[in-house]
Amino acid sequence: MIIRPCARLISTSAPSSSRYDAKVFREPISDREQLRKPLSADDERNFLFIKALKSDETPTFYRNHVVDKLVRVCMTDGRKEMSRKNVLAALEIIKRKQYQAWNKASDDEKPKIELSAFKIAEVGIDNCKPLMKLQGVTRGGTTYQVPFPIEDSEAEFRAMKMMRDICRQKAKHGETFFKDALAAELMLASQNEGATIQAKQELHKTCEANRAYAHYRG
Amino acid sequence: MNSAALRSLIRRVGASGARPFSAKTAAADASATTRPRGAPSADTLQKGSVQPTVLRPYVAPELETEDLFGLHSLVNVDEMFEARLHYGHKIGTLHENMKWALYGERLGVCIFDLEITRKHLIRALDFVAHVVSRGGIILFISTHRDTMLDVEKMAEEVGQYAHVRFWQEGTLTNMKQLLGASVRMPDTMVFLSSLTSMSERHPAIIEAAKMTIPTVGIVDSNSDPSYLTYLVPSNDDSPQAVAYLLRLFKEACQRGAAYRAKQL
Amino acid sequence: MLIRGVVSTASSVRTFSSLSSLSTGDSPSSSGRAARALEMYMRGVKEHDKMMGREGANFERGKRHLANMMGMEASTMTQNDIDTAIRYLFPSGLSDKKALPILAPPDQVLPRLHKLAFDEEGKPMGARFYTLKPAFYQLLSEVAIRSEKVDRYGGEKKTIKEKNHFQTGGSVWLNEEKMAKKLGEKISTHMYTQLMMAMEHLISLPGSATQNDFIMQWREPIAAGSGNKLFGPPIPPVEIDATTNRRTATAKADVKATYAEVKVSDAGKGEFIVDGMSLDTFQSLQARETLLCPLIVSDLLGRLSITATTKGMGGETAVPRAVRHALSLSIAALYPEKKEVLTLSGLLTRDPRKRERSKVNQPGARAKWIWKRR
């Protein structure tokens, strides 16, 4: 949400409010199945305003939360089309690879091969989700890396960010394309292998090592 | 002082007219002399502060009639018994100054003497009726949660006033500041329950005493009867008892108002 | 009645004045300290009324002058017109609204005199007068009486549906300020809490729906979203072509600096023209999704014919967003049964987001210069 201060105020610090009044606005429904179901009579949304739907949340049948979020995370300088092109290209690469494997596989192995690139991406990101994060807490001049618990949405973001940074590293200097790096990473992650999974495990180890600093929380 | 001097002192005191008041003599006095018109002059009032009997001719004829409103027949012991007026609290909570009103104790519960209650109740009802007949304001007070709404309803029905809520300190003593203007104070306050929900004496009793407003109080066996003008020792907790008392007070107010309407 | 003894204190003046009134026929208001105070109060009330009359006359005269200046008719001038005229004649850069000049009827500007009501004998009106908050305690008593009534007759039903509870959806209790204003008395927080407890208890009883009218007097709808009001431009009217009987609606919407006007007709074959160009001009998948979103949600793909025109400086996504909003409004006009789905999808709300201004000493709206410790 873009936050905008009142035009009349002369000096402002960033206000912590949204353009939508929180008391009066609720999130829109972007899920097709949920839209079909009618609202119960005493649901508060009958009496409140609904926020405007975001452009990338159209309730199509192919709407996928993980892929949409990955597009946003991989975006640079606001070039969403570029990012979407990359991510969908990566998914296409995954699909092609999987189909090749499927064609080559024997009849009893065929059902075990996952053909949906979306599913592979979901599983891959899910496997990369860390359970904790490290946050710097300064006490008496020293900054300690303290492990903090995190919500599911933040864990998802951190997984995507780790994967994005690793893919950008690989794609630096033009040796590899970003889409190829991302496709490879996603496929490996769905098998619990790859650099992102390694990074996640490193993070977990550091969190475990810094367990003693946990009392600096709060 | 020797006996002769003492006797002459008594005779002199007797001669000045400081003898006990009686309705017969008052009536005789009134009929003997012509009734003065209007309020007593400042001079007479000054004399009256020393020798009250000087003001006796100014007393209205209504006050010389016993049972002007026929309330003696309204109150009877059987009805009071049915309405459970004789039940007090447990013997352990009995207030020292309420012992005079008890008939006795039964199974640990104080029992009021309904003859005494009857006498006091008639006196209180009569007073209330007289005040209403002179256009007085009666304020009914009760903080008993079960019956307070009934008290309010009764007060509204007879065109009087009720206060069954939290008593703001200074409501009577500091009224000008609280209301922003001087208002007419109640002429009598009737406490259907003289204790608050915290089992403490209701603050309005002291305020009424400070403002010299006569009070009628239904006192239970655990209540402190001090500072109340007209006591009525009775049960103030049972809804039936309170309903009975409210009915009687309503009747007294209505009779007083009817008398006033006839006079005007 | 037997008198024990004649009252002998000096403060018996009051007693005697009221006692003698009956026998001598004098009115009580002509004597006594309270009566004199009452007279002072009545005088104060008369003076206040006179003052209000004067101020009212001043206001009317001012209004006539203002109308003359602005070339309007004084009789048809509304308060809105007066406010506009004053803002025009006295332009001000002051940010505090209370510092700006106003011309309004005196009862809206001057503090109200709290009038105490008495009858000619000086008796106050209202049985709860001596509680000092008669209106508030009357409300409290009424809630108690209604609760008792509901409690007695509402408890026999078994299921929740039968239990007939008051529906709390869509409304909230009046807050302390509004309650105080409605009752015309100051209310302390403790008193307000008491009232809320009583009201909540009433609502919790089965059968409380019978007291719906009473309870709704003390509740207000949440914001303005009572189902019909939209945040943004309204749903346009439907025009029916006389010859073909075809229904058309034209809606206008804007996103950032882009303005879109969309004309939708039913009985179409799915034509979608934006600025004279068809949908495949939009190469971005997201743009196409956005444009078709209202049709997907309301399940009208291929059934309408849509023509959109845009104006303005908006960016890549602003055009589809504006067209989407206007298209949703038109569909809601043509098919009222689809309105609920469209609102729940968030398609009938105007997106208020705009570019955030950059601040001084910062490179942008949020970004900061690199922070150096020394």
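How many bridges join β1(B) to strand β3 (residues 109-112) of chain B, and in which sense do the two strands run? The count is 2 bridges, and the strands run antiparallel. The notes below start from this pairing; the model is a predicted one.

1. Antiparallel sheet of chain B. The pairing of β1(B) with β3(B) belongs to an open sheet of 3 strands, ordered β1-β3-β2, with antiparallel pairing. The edges are taken by β1 (87-90) and β2 (102-106) of chain B, each of which pairs on one side only. From one strand to the next the twist averages 30°. As for individual residues, B:Tyr87 stands opposite B:Ile111 in β3(B).

2. Parallel sheet of chain B. A further open sheet in chain B has 5 strands in the order β5-β4-β6-β7-β8, and here the pairing is parallel. At its edges stand β5 (161-163) and β8 (230-233) of chain B; each has a single partner strand, so one side of each lacks a neighbour in the sheet. The average twist is 20° from one strand to the next.

3. The β7-β8 pair. Strand β7 (residues 215-219) of chain B pairs with β8(B) over 4 bridges, in the parallel sense. Within this part of the sheet, B:Val219 stands opposite B:Pro233 in β8(B).

4. Helix across the parallel sheet. Helix α8 (residues 203-210) of chain B lies across three strands of that chain, β4 (138-141), β6 (188-191) and β7. The helix runs at about 160° to β6(B). An angle over 145 degrees counts as roughly antiparallel, so α8(B) and β6(B) fall in that class.

5. Helix pair α6/α9 in chain B. Two packed helices are described by the angle between their axes and the distance between the axes. For helix α6 (residues 148-157) and helix α9 (residues 239-263) of chain B, the axes come within 10 Å and cross at roughly 10°. That angle makes α6(B) roughly parallel to α9(B). Their crossing is right-handed. On the α6(B) side the contact uses B:Asp150, B:Val151, B:Met154 and B:Glu157, which meet B:Val242, B:Ala243, B:Leu246 and B:Lys250 in α9(B). By class, the residues of this contact are 5 nonpolar, no polar and 3 charged.

6. Helix pair α3/α4 in chain A. The axes of α3(A) and helix α4 (residues 117-128) of chain A are 9 Å apart, and the helices pack at an angle of about 110°. The two helices are therefore roughly perpendicular to each other. From α3(A), the residues A:Leu91, A:Ile94 and A:Lys95 meet A:Ala117, A:Phe118, A:Ile120 and A:Ala121 of α4(A). The contact comprises 6 nonpolar residues, no polar ones and 1 charged.

7. Interface of chains A and C. Across this interface, 29 residues of chain A are in contact with 35 residues of chain C. On the chain A side, β2 (49-50) and α3 (80-104) each supply at least two residues. The same side divides into 14 nonpolar, 5 polar and 10 charged residues. Helix α3(A) thus appears in two settings: the side of chain A that touches chain C, and the packing against α4(A).

8. Chain C overall. Chain C contains 12 helices and 8 strands. Of its 374 residues, 24% count as buried. Among contacts in chain C between residues at least 6 apart in sequence, 64% join residues at least 24 apart.

Definitions and conventions
Residues numbered from 1 in each chain as written. Chains lettered and ligands numbered in written order. Predicted model: local features only at pLDDT ≥ 70, side-chain atom pairs only at ≥ 80, totals over all residues. Buried ≥ 20, exposed ≤ 12 C-beta atoms within 10 Å, placed from the backbone. Contact = placed C-beta atoms within 7 Å. Nonpolar A, V, L, I, M, F, W, Y, C, P; charged D, E, K, R; others polar. Axes fitted to C-alpha atoms, helices over the stretch in contact; angles between N-to-C directions. Parallel < 35°, antiparallel > 145°, perpendicular 65-115°, else oblique. Left-handed = near helix turned anticlockwise from the far one by under 90°. Pairing = 2+ DSSP bridges.
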